[in-house]
Number of protein chains: 2
Amino acid sequence: MPNPTAAMLVIGDEILSGRTRDANMHHLAGQLTEHGIDLKEVRVVSDDADAIVAAVKALSAAFDTVFTSGGIGPTHDDITADCIAAAFDDHIDVRADARALLQAHYDRNGQELNEARLRMARIPDTATLIENPVSIAPGFTVQNVHVMAGVPRVFEAMVASVLPTLTGGAPLLSETLRIDRGEGDIAGPLGVLATDFDDLSIGSYPFQKDGKYGANIVIRGQDAARIDAAMTRLKAEFSA
Amino acid sequence: MPNPTAAMLVIGDEILSGRTRDANMHHLAGQLTEHGIDLKEVRVVSDDADAIVAAVKALSAAFDTVFTSGGIGPTHDDITADCIAAAFDDHIDVRADARALLQAHYDRNGQELNEARLRMARIPDTATLIENPVSIAPGFTVQNVHVMAGVPRVFEAMVASVLPTLTGGAPLLSETLRIDRGEGDIAGPLGVLATDFDDLSIGSYPFQKDGKYGANIVIRGQDAARIDAAMTRLKAEFSA
């Protein structure tokens with residue numbers, strides 16, 4: 001049975017302007033691979049309601065699960081929650097359960113739950129909350145879309161809250177062989193190997209270091225014995 | 001006049017599996033911002049022909065310029081050039097001009113231009129070549145899509161070859177103020193500021209460091225005097 005599929009939607013002008021380098025994509029990709037869920041597509045869009053709504057609809061329809069990152073804070077440019085509600089024709093307002101979490105948190109810290117912070121309790125009617133052990137303001141899930149914060153520590157905590165609730169497939173296994181020869185020298189035999197082991201994914205990732213060419217050959221699949229067999233042939237072919 | 005828009009398509013299983021952290025997106029984003037071109041969307045898709053063709057068509061239709069990264073090397077998993085041809089109903093084969101570049105390069109290095117390396121001379125009929133001073137094998141442009149290598153050094157060299165040929169708008173200017181208070185404390189006045197300066201983009205990027213909350217407020221626009229005016233008010237509001 002093929003693994004479940006996933007997509008990620010990163011929301012944020014700060015990535016697209018080059019100001020910030022995204023870290024959440026790399027974290028989620030690694031976690032999903034371990035969990036046996038195939039991340040098939042990532043989109044990064046700006047803080048623009050039409051762009052967010054269109055991307056949520058497209059990804060939610062095309063993949064089993066969608067993760068979003070960013071835009072659920074208290075400031076005027078945090079519009080993700082309202083966009084998710086719009087994408088699913090859901091009603092959205094401050095919800096009692098989320099408000100109670102925030103009230104208790106700010107009471108503990110002697111801070112005021114002001115109008116801005118209350119924006120973080122705006123949750124679509126049909127959503128279930130995602131726990132946020134770092135800064136309390138929750139993420140939420142509507143249908144197959146998990147809506148999470150953009151701050152990496154909070155994003156990672158929310159991924160840890162959501163992942164155990166998802167059914168994964170067989171974890172993707174991989175073995176890597178570094179070959180210190182240019183891809184052009186190895187591509188022919190490598191293509192034959194890929195055809196002979198077409199149940200595996202064999203990728204070639206070239207690099208250039210100190211003026212020399214090389215490639216990391218990564219063999220991925222779910223059957224460790226098959227990966228071993230392919231790796232044995234790869235080594236025999238190229239370790240001469 | 002609004003700036004020209006751009007999108008980027010990153011092609012590569014290695015990003016989606018979490019094996020490699022993408023670097024090209026961040027580089028391109030910074031370069032385009034300096035050049036006055038607004039990067040509006042990035043998509044990352046796997047080495048899958050249907051996914052690549054669909055993404056190229058969608059992004060090419062929606063934005064002024066598209067940049068792709070990855071999948072134009074000599075190995076069996078390098079399928080980008082053929083996908084670009086398919087997306088534009090263009091014919092593709094080994095082309096004499098690209099072949100001549102490669103032949104001269106490998107002759108100089110005393111290497112053979114074998115069948116695998118010749119794959120890198122497969123260029124759609126209507127394409128113009130993009131110079132690659134690092135490793136010679138060219139990128140290419142079809143209509144509004146610039147097709148470039150995934151290896152960061154080569155990608156960056158190709159971006160440098162292409163950018164001067166594109167008409168940019170006014171460079172996006174920005175000023176940043178770090179405020180060591182939680183977003184919830186500053187969101188109210190910040191929202192009023194954003195409304196009063198609705199010709200600018202005012203973003204709030206929260207962080208958490210040593211257990212304390214803060215936010216970088218970034219004011220972006222094309223008019224330096226307006227940015228200064230907004231920054232002056234921001235400082236007056238929050239430096240008390």
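1. Contact here means heavy atoms within 4.5 Å. With that in mind, 100% of the interface residues of chain A are also interface residues in chain B, so the copies meet through the same surface.

2. Some housekeeping: this is a predicted model, in which local features need pLDDT of at least 70 and side-chain atom pairs count only at pLDDT 80 or more, while totals for chains, interfaces and linings use all residues. Residues are numbered from 1 along each chain as its sequence is written, chains are lettered from A in the order in which they are written, and side-chain values use heavy atoms, with hydrogens and water left out.

3. How do the two chains relate? A turn of 180 degrees and a shift of 0.0 Å along the axis lay chain A on chain B with an RMSD of 0.0 Å (copies are superposed by least squares on the C-alpha atoms of residues with pLDDT of at least 70 in both). That is the relation of a two-fold axis. In chain A, Arg43(A) has the C-alpha nearest the axis, 2.2 Å from it.

4. Now look at strand E2 (residues 38-45) of chain A (helices, H or I with at least four residues, and strands, E with at least two, are DSSP runs numbered from the N terminus). Six of the eight residues of E2(A) are buried (buried is under 20% relative accessible area, exposed over 50%, partly exposed in between, with a 1.4 Å probe and protein chains only).

5. E2(A) has partners in both chains. Strand E1 (residues 5-11) of chain A pairs with E2(A) in the parallel sense over seven bridges (pairing needs at least two DSSP bridges between the strands), and Ala6(A) stands opposite Leu39(A). Across the chains, E2(A) and E2(B) pair in the antiparallel sense over five bridges; here Val45(A) has Glu41(B) as its bridge partner.

6. Which residues of H3(B) are buried? They are Ile52(B), Val53(B), Ala55(B), Val56(B), Leu59(B) and Ser60(B). They cover an arc of only 165 degrees around the axis (taken from the directions from the helix axis to the C-beta atoms), which puts them on the same side of H3(B). Asp50(B), Ala61(B) and Ala62(B), on the other side, are exposed. The cover over the buried residues includes strands E1 (5-11) and E2 (38-45) and helix H4 (80-87) of chain B.

7. Finally, the cysteines. Zero disulfides turn up over all chains (a disulfide is a pair of cysteine sulfur atoms within 2.5 Å). Cys83(A) counts as buried at 3% relative accessibility, and Cys83(B) counts as buried at 4%.
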